[in-house]
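Here is a short briefing on one protein chain. Keep the sequence and the 3D view open as you read.

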Amino acid sequence: MPSSLEQLLRTYKNLGLNKNPDHIKNSLHYVTYHSTAIEGCSLSLAEVTLLLEKGITSKGKPQVDRHMVEDHHKALSFVLNQAEKKQRISIDFLKNAGQLH
């Protein structure tokens, strides 16, 4: 009997969302927003989306927040790209992901 995780994954794949570029892009924005918010970033989801899509930051926001969002997004994109290639996780892999600035 399949586990609930396997059922959930099968349902997700059947929806075809993993092939929808807007869904993938929005998911990356959500993950970046929530991950950087946990670290103290003051940018809203709309501001993160604007930054990632247009390179624009709201006036008066700390520069460190902009860099945090951009760095997180680069590292996340790198890891997902490598996962698609079935790249093995190693110490060097983690070092490379952590050095993306």
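Five residues form the largest nonpolar core of this predicted model. They are Cys 41, Leu 43, Val 48, Leu 51 and Val 69. The points below start from that core, then turn to the helices, the largest pocket and single residues.

**Core and Cys 41**

- Cys 41 belongs to the largest nonpolar core.
- Cys 41 sits in the loop between H2 and helix H3, which covers 45-54.
- Cys 41 has a relative accessible area of 9%, and because the limit for buried is under 20%, Cys 41 counts as buried.
- Beyond its neighbours up to four places away in sequence, Cys 41 touches Thr 36, Asp 65, Met 68 and Val 69.
- One of these partners, Val 69, is also a member of the largest nonpolar core.
- Another partner, Asp 65, lies 24 residues from Cys 41 in sequence. The C-alpha atoms of Cys 41 and Asp 65 are 5.3 Å apart in space.

**Glu 39, in the H2-H3 loop**

- Glu 39 is also placed in the loop between H2 and H3.
- Its relative accessible area is 59%, and because exposed means over 50%, Glu 39 is exposed.
- Glu 39 and Met 68 are 29 residues apart along the chain. Their C-alpha atoms are separated by 8.9 Å.

**His 29, in helix H2**

- His 29 is part of helix H2.
- With a relative accessible area of 4%, His 29 is buried.
- Setting aside residues up to four places away in sequence, His 29 touches Leu 45, Val 48, Thr 49, Leu 52 and Glu 53.
- Among these contacts, Val 48 is also in the largest nonpolar core.

**Largest pocket**

- The largest pocket holds about 310 Å³ of space.
- Which residues line the largest pocket? They are Tyr 12, His 23, Ile 24, Ser 27, Leu 28, Val 31, Ser 77, Leu 80, Asn 81 and Glu 84.
- Helix H2 (21-38) and H4 each give at least two residues to this lining.
- H2 supplies the largest share, with five residues.
- By class, the lining has five nonpolar, four polar and one charged residues.

**Where H4 meets H5**

- The axes of H4 and helix H5 (residues 91-98) come within 9 Å. They cross at roughly 145°.
- On the H4 side, the contact uses Ala 75, Phe 78, Val 79 and Gln 82.
- On the H5 side, it uses Phe 93, Asn 96 and Ala 97.
- The residues of this contact split into five nonpolar, two polar and no charged.

**Lys 74, in helix H4**

- Lys 74 is found in helix H4, which spans residues 63-84.
- Is Lys 74 buried, partly exposed or exposed? Its relative accessible area is 41%. Partly exposed covers values between the 20% and 50% limits, so Lys 74 is partly exposed.
- Lys 74 and Gln 99 are 25 residues apart in sequence. Measuring C-alpha to C-alpha in the model gives 10.0 Å between Lys 74 and Gln 99.

**Lys 86, between H4 and H5**

- Lys 86 lies in the loop between H4 and H5.
- Lys 86 is exposed, at 72% relative accessibility.
- The phi of Lys 86 is near 60°, a positive value in a residue other than glycine.
- Most residues other than glycine have a negative phi.

Conventions:
Residues are numbered from 1 along each chain as its sequence is written. This is a predicted model: local features need pLDDT of at least 70, side-chain atom pairs count only at pLDDT 80 or more; totals for chains, interfaces and linings use all residues. Side-chain values use heavy atoms; hydrogens and water are left out. A nonpolar core is a set of buried Ala, Val, Leu, Ile, Met, Phe, Trp, Tyr and Cys residues joined through side-chain atoms within 4.5 Å. Buried means under 20% relative accessible area, exposed over 50%, partly exposed in between (1.4 Å probe, protein chains only). Contact means heavy atoms within 4.5 Å. Helices (H or I, at least four residues) and strands (E, at least two) are DSSP runs, numbered from the N terminus. On a 1 Å grid over the protein atoms alone, a cavity is a set of points where a 1.4 Å probe fits but cannot get out, and a pocket is an open set with protein on both sides within 12 Å along at least five of seven lines; lining residues have an atom within 4 Å of a point. Grid points are joined across faces, edges and corners, and a volume is the space filled by probe spheres set on the points. Ala, Val, Leu, Ile, Met, Phe, Trp, Tyr, Cys and Pro count as nonpolar, Asp, Glu, Lys and Arg as charged, and the others, Gly among them, as polar. Axes are lines fitted to C-alpha atoms, for helices over the stretch in contact, and angles run from 0 to 180 degrees between N-to-C directions.
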